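The exercises below ask you to work from a set of coordinates to statements about burial, helix packing and charged pairs. Try each task on the structure before reading its solution.

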Amino acid sequence: MKLARLLASGGVLALTLNLQAAADTLHDALTAAYLNNPEISAERVSAEIAGERINQARAQRRPTVDVFGSYVYESIDSNRPFAFNLGDRPVASAQLEARLPLYTGGRLSAGVRQAEAGASAASSQLDATIQSLMLDTVTAYVNIIRDRDVIAIRNNSIELLGGQLTASQDRFDVGDVTRTDVALSGARLEGGRAQLAAAEADLEGSLAFYAVLTGLEAGELVPPPPAPDLPETLEQAVAVAVAQNPSLEAARHAEKAAREAIKVARGALRPEVSAIAQAGVQEYHQDGFTDSSMVAGAQARIPLFTGGLNTSRLREARLAQSQAQAQIAQTERLIRASIAQAWYGYEASERAVEASQRQVEAAEIAYEGAREEQMVGFRTTLDVLDQEQQLLEARLALATSERNRYVAAHQLLAAMGQLTPESLGIGIR
């Protein structure tokens, strides 16, 4: 069942419950990974948490209103010659206080900007995680296709080797070849079976990783669509990556947040002024008296000595900014290296595909020719086995090169920051 039909019929719940379904196309696999991968869900929650920190920072600039209340039993005694309100009695009191910060040395405004930069960093980190997941899913998808092709090629090779062994045995029976020819054919056949077992193990690993990413079992996967268009030059790819790579954007936002943290720490060294208003009432139930009061005005707080706490926080904030700046430089270097690696990897794999296609064509002709020449005695069994091995290697190289070319193209797009759900046609955000 296509994932689009699952979504239309409430299939997101089924995906969440890890109900298995076959993903037929790369689009299905990418959509399932985007909707169902726990890592993406965790990053979305992190972005929402960062958004709530903005609300918390803004709330500190707004008025606060508190109500205080108490009910106590009071006992007063005195040796003064004239004293009033002595004795034991219950007392109830209530107080309403409103407070509005007027000046905080820029600490609260910087705190808001810090939270906004942190939210932007979290959003960019979410984008980076999504693109990494898209790349992993594309890689897992084509790995399965490659592994299945390898198994098909090795099965075909085993059939050829089995036929060669039968023919060698028949010719040995009539005295045309020696026992060595039969042994050579048998050894190659058993070697092919061992390599087939290894290829089947590789496929199981690829299927397991695909299930981890998408929550689905791989069905009969259709060939992926052509890779998206790539930049014409390496310099263009680097320029796009420096401007749009989400990991680099996240590092830049983190540096901005660290810069604002310095202003927050510096503001803690400055005076604070708040407007306050208080209204209170106190009742003496036994005596029947009630006292009320109202206070309005401004209150200032000047930090004189904090044991070095505030100055230490300021130094810490400055060090954190230096660390964030170094992280930007490191991230940019890694991105440039990733771009170059993917670019030249794509070029190399493209040439490898063309060469492997020509190699397969030539190896097929050479293998057929060697078989015919063996029948008339011009070639030995070893010659035919060698040609069959070359044909096998050529077909395996072609399957691997096609996989490498497709993955390298998407690695380049991911490093550029272009492997987004929108560019892949998922259309869900």
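A residue is called buried when its relative accessible area is under 20%, exposed when that area is over 50%, and partly exposed in between. The model used throughout is a predicted one.

**Exercise 1. Overview**

Determine how many helices and strands the protein has, and what share of its residues is buried.

Solution. Assigning the secondary structure gives 10 helices and 6 strands. Applying the burial cut-off to the 429 residues of the protein then gives 37% buried. As a last step, take the contacts between residues at least 6 apart in sequence: 81% of them join residues at least 24 apart.

**Exercise 2. Helix α3 and its partner**

Establish how many residues of helix α3 are buried, and describe how α3 packs with helix α5.

Solution. Begin with accessibility: α3 spans residues 26-36, and 9 of its 11 residues are buried, so that the helix is mostly covered. The buried residues are Leu-26, Asp-28, Ala-29, Leu-30, Thr-31, Ala-32, Ala-33, Tyr-34 and Asn-36.

Next comes the geometry. Two packed helices are described by the angle between their axes and the distance between the axes. For α3 and α5, the latter covering residues 107-173, the axes come within 10 Å and cross at roughly 140 degrees. Because angles over 145 degrees would count as roughly antiparallel and those from 65 to 115 as roughly perpendicular, α3 is oblique to α5. The crossing in which α3 passes α5 is right-handed.

Finally, list the residues that make the contact: on the α3 side they are Leu-26, Ala-29, Leu-30, Ala-33 and Tyr-34, and on the α5 side Ile-130, Leu-133, Met-134, Thr-137, Val-138 and Tyr-141. Sorted by class, this contact of α3 with α5 has 10 nonpolar residues, 1 polar residue and no charged residues.

**Exercise 3. Helices α7 and α8**

Describe the packing of helix α7 (residues 234-244) with α8, and classify the residues in their contact.

Solution. The two axes lie 6 Å apart, and the angle between α7 and α8 is about 40 degrees. Since only angles under 35 degrees would count as roughly parallel, α7 and α8 are oblique to each other. In the contact, Ala-241, Val-242, Ala-243 and Gln-244 of α7 meet Pro-246, Leu-248, Glu-249 and Arg-252 of α8. By class, the contact of α7 with α8 has 5 nonpolar, 1 polar and 2 charged residues.

**Exercise 4. Salt bridges**

Find how many salt bridges the whole structure holds, and characterise the pairs formed by Arg-107 with Glu-272, by Glu-260 with Lys-263, and by Arg-99 with Glu-97.

Solution. Side chains of opposite charge can pair when their charged atoms come close. The search of the whole structure returns 10 salt bridges, and three of them are worked through here.

In the pair of Arg-107 and Glu-272, the N to O distance is 2.9 Å. This pair links distant parts of the chain, with Arg-107 in helix α5 and Glu-272 in strand β5 (residues 272-284), 165 residues apart. Arg-107 and Glu-272 are both buried.

In the pair of Glu-260 and Lys-263, the N to O distance is 3.7 Å. Both residues lie in helix α8 (residues 246-267), where they are 3 residues apart, about one turn of the helix. Glu-260 is buried because its relative accessible area is 4%, whereas Lys-263, at 34%, counts as partly exposed. Salt bridges that share partners also join Arg-107, Glu-272 and Arg-301 into one network. Beyond four places away in sequence, Glu-260 touches Ala-110, Arg-113 and Gln-114.

In the pair of Arg-99 and Glu-97, the closest N and O atoms are 3.8 Å apart. Arg-99 counts as partly exposed at 25% relative accessibility, while Glu-97, at 13%, counts as buried.

**Exercise 5. The surroundings of Val-65**

Decide whether Val-65 is buried or exposed, and name the residues that Val-65 touches.

Solution. First locate the residue: Val-65 lies in strand β2, which covers residues 64-76. Its relative accessible area is 56%, so Val-65 is exposed. Leaving out residues up to four places away in sequence, Val-65 touches Leu-96, Glu-97 and Ala-98. As for Gln-278, which is 213 residues from Val-65 along the chain, the two C-alpha atoms are separated by 9.6 Å.

How values were computed. Residues are numbered from 1 along each chain as its sequence is written. This is a predicted model: local features need pLDDT of at least 70, side-chain atom pairs count only at pLDDT 80 or more; totals for chains, interfaces and linings use all residues. Side-chain values use heavy atoms; hydrogens and water are left out. Buried means under 20% relative accessible area, exposed over 50%, partly exposed in between (1.4 Å probe, protein chains only). Helices (H or I, at least four residues) and strands (E, at least two) are DSSP runs, numbered from the N terminus. Axes are lines fitted to C-alpha atoms, for helices over the stretch in contact, and angles run from 0 to 180 degrees between N-to-C directions. A crossing is left-handed if the near helix is turned anticlockwise from the far one by less than a right angle, and right-handed if clockwise. Contact means heavy atoms within 4.5 Å. Ala, Val, Leu, Ile, Met, Phe, Trp, Tyr, Cys and Pro count as nonpolar, Asp, Glu, Lys and Arg as charged, and the others, Gly among them, as polar. A salt bridge is a side-chain nitrogen of Lys or Arg within 4 Å of a carboxyl oxygen of Asp or Glu.
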